[in-house]
Amino acid sequence: MKNTLIVFGSTTGNCEDYAHRIAKQLGVADVKNIADMTAADFDNYDNLILGTSTWGAGDVQDDWYSGIELLKKLDMSNRTVALFGCGESGSFPDTFCGGMSALYEAVAEQGAHLIGQVDASTYDYADSASVVDGKFVGLAIDIDEDDDKINDRIAQWTGQIASLL
Ligand SMILES: Cc1cc2nc3c(=O)[nH]c(=O)nc-3n(C[C@H](O)[C@H](O)[C@H](O)COP(=O)(O)O)c2cc1C
C-alpha cells in the first residue's frame, strides 16, 4: 500500500469514529481532522480517503467548506481517492449522505482517480446527490442501521479498496 491518509469532518464524532474503524481495517496509521489541516499536510500521500457527515439538507460537514478549498489547491492527477460519508436515512431520506457529493465534485474536478463506489440499491433511502449511475460515490454509512451491519459494510468496502491503494 502506498502512503495513505484518512481525513474526516465531524461535528458530533460519528464520522470521526467511522474514520478510525476504516483505518483499523486497512491498517492505516494516519487519520486527521480536516479542521486542523493545511494544504501542506496532504503532501507525500498518494492515497486519500476522505469522509464527511451530512448536515443542513444534504450539505457537507462545516469544516469541509474550507477543507474543499484546500483540496482544490492539490495536484490530484496522480492520486487515488476514496470517499465515505455518514447520514441518517430515517430523518433525512431525501438528502441521505448528500454531503459526500461536495467532496466528489471537488476531487473529480481535480482529476483524481476515484475508487470505492457502492451499489445504492442496498440502502433504504429516497434520494441522494451522492448517487451517480446507481452507485454512491463512496461508502455511505447510515447511522440508523445496526452497528453490526455498519461494521459489515466497512469490512466489505475496505476489502474492495485495499488492493487498489
Ligand atoms: C440539523 C441536522 C441536519 C442533518 N441533515 C442530514 C441530511 O441532510 N442527510 C443525512 O443523511 N443526514 C443528515 N443529518 C444526520 C447527520 O449526518 C448524522 O447525525 C451524522 O451521524 C453526524 O455525524 P458527525 O457527528 O460526524 O457530524 C443531519 C443531522 C442534523 C442534526
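Here is a walk through this structure, from its annotated domain to its core, one of its helices, a buried arginine and the ligand shell. Keep in mind that the model is predicted.

Let's start with the overall span. The UniProt record, an unreviewed entry, puts a "domain: Flavodoxin-like" feature at residues 4–162. Helix makes up 30% of that span and strand 26%, and its end C-alpha atoms are 11 Å apart.

Now look inside. In soluble globular proteins, nonpolar side chains tend to be buried together. Here the largest nonpolar core holds 43 residues, and I6, L83, L103 and V107 have the most contacts inside it. Two or more residues come from each of β1 (4–9), α1, β3, α2 (64–71), β5, α3 (100–109), β10 (139–142) and α4. Helix α3 gives the largest share, six residues. L83 is a good place to park your view: leaving out residues up to four places away in sequence, L83 touches L50, M100, L103, Y104, G116, V137 and G138.

Next, take α2, which is one of the contributors to that core. Its buried residues are W64, G67 and L71. Looking down the axis of α2, you'll find these buried residues within an arc of 50°, so they line one face of the helix. The spacing fits a general rule: an α-helix has 3.6 residues a turn, so residues three or four places apart point the same way. What do the buried residues of α2 pack against? Their partners are β1, β3, β4 (59–60) and α3. Flip to the other side of α2 and you meet S66 and E69, which are exposed.

Over in α4 (residues 147–162) sits R153. Is this arginine, R153, buried or exposed? R153 is buried, because 20 other C-beta atoms lie within 10 Å and 20 or more is what it takes to count as buried. Beyond its neighbours within four places in sequence, R153 contacts L139 and I141. Between those two in sequence is A140, whose C-alpha is 8.8 Å from that of R153, with 13 residues separating A140 and R153 along the chain.

Finally, the ligand. Around the ligand are 22 residues, of which S10, T12, C15, S53 and G87 come nearest. By type, the shell splits into 13 polar residues, eight nonpolar and one charged. At least two shell residues come from each of α1 (14–26), β3 (47–55) and β5 (80–87), and β3 supplies the largest share, with three. Those elements, α1, β3 and β5, also turn up among the contributors to the nonpolar core.

Methods. Residues are numbered from 1 along each chain as its sequence is written. This is a predicted model: local features need pLDDT of at least 70, side-chain atom pairs count only at pLDDT 80 or more; totals for chains, interfaces and linings use all residues. Helices (H or I, at least four residues) and strands (E, at least two) are DSSP runs, numbered from the N terminus. A residue is buried if 20 or more other C-beta atoms lie within 10 Å of its own, exposed if 12 or fewer, and partly exposed in between; C-beta atoms are placed from the backbone. Two residues are in contact if their C-beta atoms, placed from the backbone, lie within 7 Å. A residue is near a molecule or strand if its C-beta atom, placed from the backbone, lies within 6 Å of it. Ala, Val, Leu, Ile, Met, Phe, Trp, Tyr, Cys and Pro count as nonpolar, Asp, Glu, Lys and Arg as charged, and the others, Gly among them, as polar. UniProt positions are given in the numbering used here, feature names are shortened, and annotations may be inferred rather than shown by experiment. A nonpolar core is a set of buried Ala, Val, Leu, Ile, Met, Phe, Trp, Tyr and Cys residues joined through C-beta atoms within 7 Å. The arc is that of the directions from the helix axis to the C-beta atoms.
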